[in-house]
Amino acid sequence: MRIDHAALYTADLERSRAFYEKYFDGTAGKQYHNLHTGLKTYFISFADGARLELMTRPALEEPERSHRWAGWTHLAFKAGTRENVDALTERLRADGYEVTSGPRVTGDGYYESCVLDPDGNTIEIVA
């Protein structure tokens, strides 16, 4: 058994598609648009076969943000080396994205940094 994909609602579908393509080497498939509900989606595919479904629809509700809630808390991308973690973290910082931690070695031994995607979701970049 393996996870097929994870899905994420976004306020701006094109902005999020561009983010995951530019910084994480994703490739977007064809946009799906349900004319009845207004739902629009892209599946973003990554080299290792993982996929992320980005979704938007009219009248999305803004959640109350907290970093301590039950449920999904982050998505992690493996950069391969500490140097790659450092370089991507600095690239994102230079492009105006918020780096919330790191790069650093965590208590469980990961070398990682955490950044926020365009919608404020935490993305871990690990070696």
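Which residue stands opposite Phe43 in β5? The exercises below concern a predicted model, and this opening point is settled in Exercise 1.

**Exercise 1. Describe the strand pairings of β5.**

Solution.

Step 1. Begin with the partner β4. The strands β4 and β5 run antiparallel and are joined by 6 bridges. Within this pairing, Glu53 of β5 is the residue that stands opposite Phe43.

Step 2. Examine the connection. The hairpin of β4 and β5 has 5 residues between the strands, and in it Gly49 adopts a positive phi near 100°.

Step 3. Turn to β1. This strand, residues 6-9, runs parallel to β5, and 4 bridges join the two. Here Met55 in β5 has Tyr9 opposite.

Step 4. Consider the covering of β5. Of its 6 residues, 5 are buried, which leaves the strand mostly covered.

**Exercise 2. Identify the elements that build the largest nonpolar core, and place Ile125 within its surroundings.**

Solution.

Step 1. State the extent of the core. The largest nonpolar core contains 20 residues, and Tyr20, Phe24, Ile44, Leu52, Leu54, Leu92 and Ile125 have the most contacts inside it.

Step 2. Assign the core to elements. Two or more residues each come from α1 (13-24), β4 (40-45), β5 (51-56), α2 (82-94), β8 (111-116) and β9 (122-126). The largest share is that of α1, with 5 residues.

Step 3. Recall the general background. In soluble globular proteins, nonpolar side chains tend to be buried together.

Step 4. List the surroundings of Ile125. Neighbours within four places in sequence are set aside; the contacts of Ile125 are then Phe24, Phe77, Ala79, Val85, Leu88, Thr89, Leu92, Tyr111, Glu112, Ser113 and Val115. Two of these, Phe24 and Leu92, are also listed among the core residues with the most contacts.

**Exercise 3. Determine the strand order of the open sheet and explain which strands lie at its edges.**

Solution.

Step 1. Write the order. The open sheet is formed by 4 strands arranged as β6-β9-β8-β7, with mixed pairing.

Step 2. Find the edges. Because β6 (75-78) and β7 (99-105) each have a single partner strand, one side of each is left without a neighbour in the sheet.

Step 3. Give the twist of the sheet. From one strand to the next, the twist averages 20°.

Step 4. Inspect one pairing. Strands β7 and β8 pair in the antiparallel sense over 4 bridges, and Tyr111 in β8 is the bridge partner of Val105.

**Exercise 4. Compare three salt bridges by their distances, the parts they link and the exposure of their partners.**

Solution.

Step 1. Note the total. The structure holds 7 salt bridges. Side chains of opposite charge can pair when their charged atoms come close.

Step 2. Treat Arg51 and Asp4. Their side chains meet in a salt bridge with an N to O distance of 2.6 Å. Arg51 belongs to strand β5 and Asp4 to the segment before β1, so that the pair links distant parts of the chain, 47 residues apart. The relative accessible area of Arg51 is 29%, and this residue is partly exposed; Asp4 is likewise partly exposed, at 39%.

Step 3. Treat Arg15 and Asp119. The closest N and O atoms of this salt bridge are 3.2 Å apart. Since Arg15 lies in helix α1 and Asp119 in the loop between β8 and β9, the pair ties together parts that are 104 residues apart in sequence. Arg15 is partly exposed at 36% relative accessibility. Asp119, at 17%, is buried, because buried means under 20% relative accessible area.

Step 4. Treat Arg104 and Glu112. Their salt bridge has an N to O distance of 4.0 Å. Arg104 is partly exposed at 39%, whereas Glu112 is buried at 5%.

Step 5. Add the network. Glu14, Arg17 and Glu21 are joined into one network by salt bridges that share partners.

**Exercise 5. Locate Asn34 and describe the polar contacts of its side chain.**

Solution.

Step 1. Place the residue. Asn34 is found in the loop between β3 (32-33) and β4.

Step 2. Follow the side chain. It makes a polar contact of 3.3 Å with the side chain of Tyr32. The side chain of Asn34 also reaches the backbone nitrogen of Thr37, at 3.1 Å.

Step 3. Relate Asn34 to Arg91. These residues are 57 apart in sequence, and their C-alpha atoms are 35 Å apart in space.

Terms used. Residues are numbered from 1 along each chain as its sequence is written. This is a predicted model: local features need pLDDT of at least 70, side-chain atom pairs count only at pLDDT 80 or more; totals for chains, interfaces and linings use all residues. Side-chain values use heavy atoms; hydrogens and water are left out. A nonpolar core is a set of buried Ala, Val, Leu, Ile, Met, Phe, Trp, Tyr and Cys residues joined through side-chain atoms within 4.5 Å. Buried means under 20% relative accessible area, exposed over 50%, partly exposed in between (1.4 Å probe, protein chains only). Contact means heavy atoms within 4.5 Å. Two strands pair if DSSP finds at least two bridges between them. Axes are lines fitted to C-alpha atoms, for helices over the stretch in contact, and angles run from 0 to 180 degrees between N-to-C directions. A polar contact is a pair of N or O atoms within 3.5 Å; within protein, one must be able to donate a hydrogen and the other to accept it, and residues adjacent in sequence count only if both atoms are side-chain atoms.
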